[in-house]
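This report introduces a protein structure to a reader who has not met it before. It proceeds from the overall fold to individual residues and then to a pocket.

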Amino acid sequence: MLHYHLGVCKKMDIKRSKKCVLVSIGEKEDGSLYIVLDDAIQLDDSKALKRDCFITMKETNDNQLDEVDFSEDELSGLGHYILARIKAFKSMNEL
């Protein structure tokens with residue numbers, strides 16, 4: 001079972017991998033919005049991350065984001081991409 005700790009900023013005794021999936025919001029010059037997924041890597045022993053490579057993006061809009069108005073298929077697809085990348089890190093011994 002997954003445990004979510006939203007809004008809690010405390011040190012957890014979990015050793016995290018140096019590779020991760022970075023989810024961000026992007027905007028093109030025409031004002032269109034995108035949810036962007038990139039692979040990222042932790043720099044040395046710092047907490048800083050560096051984008052490693054682009055994975056995918058999905059066009060969205062202000063209203064869809066404000067209302068969290070996504071279909072179950074869209075949410076499932078986003079989760080699938082994230083878990084597929086984590087599986088890829090694990091299979092390449094990058095955890």
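## Overall architecture

Read from the N terminus on, the elements of the protein follow the order β-β-β-α-α. The model is a predicted one. In total, its secondary structure comprises two helices and three strands.

The protein has 95 residues, and 19% of them count as buried. Its accessible surface comes to about 8,000 Å², and carbon and sulfur atoms account for 53% of that area. Of the contacts between residues at least 6 apart in sequence, 39% join residues at least 24 apart.

## The nonpolar core

In soluble globular proteins, nonpolar side chains tend to be buried together. In this model, the largest nonpolar core consists of five residues, namely Val-21, Ile-35, Leu-37, Phe-70 and Phe-89.

Two members of this core may be described further. Val-21 is in contact with Leu-37, Asp-38, Ile-82, Arg-85, Ile-86 and Phe-89, when its neighbours within four places in sequence are left aside. Phe-89 is located in helix H2. With a relative accessible area of 1%, Phe-89 falls under the 20% limit and is therefore buried. Phe-89 and Asp-39 are 50 residues apart along the chain, and their C-alpha atoms are separated by 9.7 Å.

## Three consecutive residues of strand S2

Asp-39 belongs to strand S2. Is this residue buried or exposed? Asp-39 counts as buried because its relative accessibility is 2%, under the limit of 20%. Not counting residues up to four places away in sequence, Asp-39 touches Lys-19, Cys-20, Lys-50, Arg-51, Asp-52, Cys-53, Ile-55, Arg-85 and Phe-89.

Ala-40 is also placed in strand S2. Its relative accessible area is 0%, so Ala-40 is buried. With residues up to four places away in sequence excluded, Ala-40 touches Lys-18, Lys-19, Cys-20, Leu-22, Leu-49, Lys-50, Arg-51 and Asp-52. One of these partners, Arg-51, lies 11 residues from Ala-40 along the chain, and the two C-alpha atoms are separated by 4.3 Å. Strand S2 also holds Ile-41. Ile-41 has a relative accessible area of 30% and is therefore partly exposed, a class that lies between the limits of 20% and 50%. Leaving aside neighbours within four places in sequence, Ile-41 is in contact with Lys-18, Lys-19, Ala-48, Leu-49 and Lys-50. The C-alpha atoms of Ile-41 and Cys-20 are separated by 6.2 Å, with their positions 21 residues apart along the chain.

## The second largest pocket

Rolling a probe the size of a water molecule over the atoms shows where empty space is left. The second largest pocket holds about 260 Å³ of space. Its lining is formed by Ile-35, Leu-37, Thr-56, Met-57, Lys-58, Val-68, Phe-70, Glu-74, Leu-75, Gly-77, Leu-78 and Tyr-81. Ile-35, Leu-37 and Phe-70, which are among these lining residues, also belong to the largest nonpolar core.

Which elements supply at least two residues each to this lining? They are strand S2 (33-42), strand S3 (49-60) and helix H2 (72-91). The largest share, five residues, comes from H2. By class, the lining has eight nonpolar, two polar and two charged residues.

## Two residues of the pocket lining

Leu-78 and Val-68 both appear in the lining of the second largest pocket. Leu-78 is situated in helix H2. Because its relative accessibility is 29%, Leu-78 counts as partly exposed. The C-alpha atoms of Leu-78 and Val-23 are separated by 9.9 Å, and these residues are 55 apart along the chain.

Val-68, by contrast, is placed in the loop between helix H1 (62-66) and H2. Its relative accessibility of 58% is over the 50% limit, so Val-68 counts as exposed. The phi angle of Val-68 is near 45°, a positive value in a residue other than glycine.

Definitions and conventions. Residues numbered from 1 in each chain as written. Predicted model: local features only at pLDDT ≥ 70, side-chain atom pairs only at ≥ 80, totals over all residues. Heavy atoms only, no water. 1 Å grid on protein atoms, 1.4 Å probe; cavity = no way out; pocket = protein on both sides within 12 Å on 5 of 7 lines; lining within 4 Å. Points joined across faces, edges and corners; volume = space filled by probe spheres on them. Helix = DSSP H or I, 4+ residues; strand = E, 2+ residues; numbered from the N terminus. Nonpolar A, V, L, I, M, F, W, Y, C, P; charged D, E, K, R; others polar. Core = buried A, V, L, I, M, F, W, Y, C linked by side-chain atoms within 4.5 Å. Buried < 20%, exposed > 50% of the residue type's maximum accessible area, 1.4 Å probe, protein only. Contact = heavy atoms within 4.5 Å. Areas by Shrake-Rupley, 256 points an atom, 1.4 Å probe, with all protein chains shown as cover.
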